[in-house]
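Me: Could you take a close look at one part of this model for me, the barrel and the space inside the protein? Keep it informal, and walk me through it in one go.

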Amino acid sequence: MAKLTQAAKVGAFVVLAGAASFLVYRTVSKDVAGGGNYIIYAKLKDATGLANHSRVAIAGIPVGTIHRIKLEDGMARIDVRVNGDVALYDNATIGKKNASLLGESVIVLTPGTEDHRRLKDGDQINVIVEQASTDQIMNDVADIAKQVKEVAKQLANSVGTEQGGENIRLILQNLADATDALNQTVRENRTVIRETLQHVGAIAANGEPQIAKILENVRVITEDVKTITAQTGQGSTGAEIRETITHLNESSKRLESALGHIDSVAGRADRGEGTIGRLSKDETLINEVQGVAEGVNDYVGGLTRLQAVVGLRADYNFLANTVKNYVELRLQPREDKYYVIELINDPRGKTTITQTDVDTTNPRDPAHYRTITTTTTDAFRFSLQFARRLGPFTGRFGIKESTGGIGLDLHLLQDRFEFKQDLFGFGEEIQPRYRIYVGYEFIHRLWLLGGVDHVFLPNRRDYFIGLQLRFTDDDLKTILPFAGSATPSR
């Protein structure tokens, strides 16, 4: 009977364990089969770092796992199993985020808003948040390096040439000439300064005996006045005499103090102390003052010789049927050189070319190909060039219409006829931009222009004709009757 009871207990335990296992199995299988979850999917360009059963999170909180990853239409299809208590809507987003430095990634969701349709099992998320890849970052760095290289190239063209070195040498030479001129001025006036100080000392030395005699006479007079005052007594005349004597004593003290200051100044100047003393004794200071004075004189003279020429120009392009406007400022310190600053409004805008190399694993595309993007923006262009003239020819270099460029001009008929060439736009097109045109001054200060633009590119070549008005600051003074009011009166 005891054995039977023990067997009954074991059998009951087995039945209960089986029932519990069945309930656990039914619960787990219900969840796994999707009773409490649902599956949505999205297509990503890159699934690196993702794996089956990887975490899926919203705001950093796990809400599901990756159910399956497979290749579909050249993209990675990601099936995500989401907890049933998490609602997603059709404006939800999905993206990939790095979870560690070892390359592991997780799927990140945003649920969307309740005013949109709620997603159900089997729906697709269409809004993909792409994360910048290492290749994209390296491409951006390469583009930045290209731009830095272009800037360095432009700087080298402006300063690193023989002409740029010559300009720097001329600037240093002008500075040395200015210092030498100031030294020369001080040397020329050194004798005058020394003689002036000597005269001051001589006057003080020669006047000292005479002043001593004057003081002695004043002393004698005061003694006599005292005698007279004692004899006069307390009358009104005595009071007046005492007042007069008091004034004389004060005057004599002031005179003696003034003579003492004069003697002190003369002594300091003779010993080389103070500003006047240093000017009379220090040869280096005298040379520096003279050089500064000469440099100031040369600088002021250069400003008076600076000529400003303003040009207003408008060109009509026949094929493009547009008008191109220029505002030009020419600063000309000498007849054989000048600086040009231009502001250009080109209706065809500013064109830039971007070249991109693409590597892909898409079987429908080549493994490696290159795209060239041409972008045209409506922006002002500017020019900044240095020009030097040799005989009838003028060479120019610098920035031409916001790109590096050079130019060569030919002047004929007493500078009333010009033949100009410009080569610029390196990098904007496959070939650089070449423009030639002629100009003729048919009326004083008014020029007629005509030429060809984009000579090397038949698809962008155009012909233009234009007018340009050139005037100087002297012409402005003639036009504006009140221009003379700015000069100081004498």
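Reply: F393 stands opposite L410 in β15. This is a predicted model, so read every placement here as a prediction. F393 belongs to β14, which spans 393-400, and β14 runs antiparallel to β15 (residues 403-412), with eight bridges joining the two. As a general point, strands of a sheet pair through backbone hydrogen bonds, either parallel or antiparallel.

Stay on β15 for a moment, since T403 sits in that strand too. Is T403 buried or exposed? Its relative accessible area is 10%, and because buried means under 20%, T403 counts as buried. The T403 side chain also has a partner: it reaches the backbone nitrogen of G425 at 2.9 Å.

Now zoom out to the barrel. The β14 and β15 strands are two of the 10 that close into it, and going round, the order is β8-β9-β10-β13-β14-β15-β16-β17-β18-β19. The pairing is antiparallel. On average, neighbouring strands of this sheet are turned by 20° against each other, if you ignore direction.

Next, the enclosed space. The structure holds three cavities of 30 Å³ or more, and the largest of them has about 130 Å³ of space. Its lining is made of 15 residues, and those closest to the centre are E328, E342, K400, K420 and Y437. Which elements give two or more residues to that lining? They are β9 (322-334), β10 (337-345), β14 (393-400), β16 (417-424) and β19 (462-472). You'll recognise those names from the barrel order, where β9, β10, β14, β16 and β19 appear as well. The top contributor is β10, which gives three residues.

What about the chemistry of the lining? It divides into 10 charged, two polar and three nonpolar residues. Look back at the central residues with that in mind: E328, E342, K400 and K420 are among those closest to the centre of the cavity, and Glu and Lys count as charged, whereas Tyr, as in Y437, counts as nonpolar.

One last stop, at a helix. D180 lies in α3, which covers residues 162-232. Its relative accessibility is 47%, so D180 counts as partly exposed. Along the chain, D180 and E288 are 108 residues apart, yet their C-alpha atoms are separated by 8.0 Å.

Notes: Residues numbered from 1 in each chain as written. Predicted model: local features only at pLDDT ≥ 70, side-chain atom pairs only at ≥ 80, totals over all residues. Heavy atoms only, no water. 1 Å grid on protein atoms, 1.4 Å probe; cavity = no way out; pocket = protein on both sides within 12 Å on 5 of 7 lines; lining within 4 Å. Points joined across faces, edges and corners; volume = space filled by probe spheres on them. Helix = DSSP H or I, 4+ residues; strand = E, 2+ residues; numbered from the N terminus. Pairing = 2+ DSSP bridges. Axes fitted to C-alpha atoms, helices over the stretch in contact; angles between N-to-C directions. Buried < 20%, exposed > 50% of the residue type's maximum accessible area, 1.4 Å probe, protein only. Polar contact = N/O pair within 3.5 Å; in protein donor to acceptor, adjacent residues only side chain to side chain.
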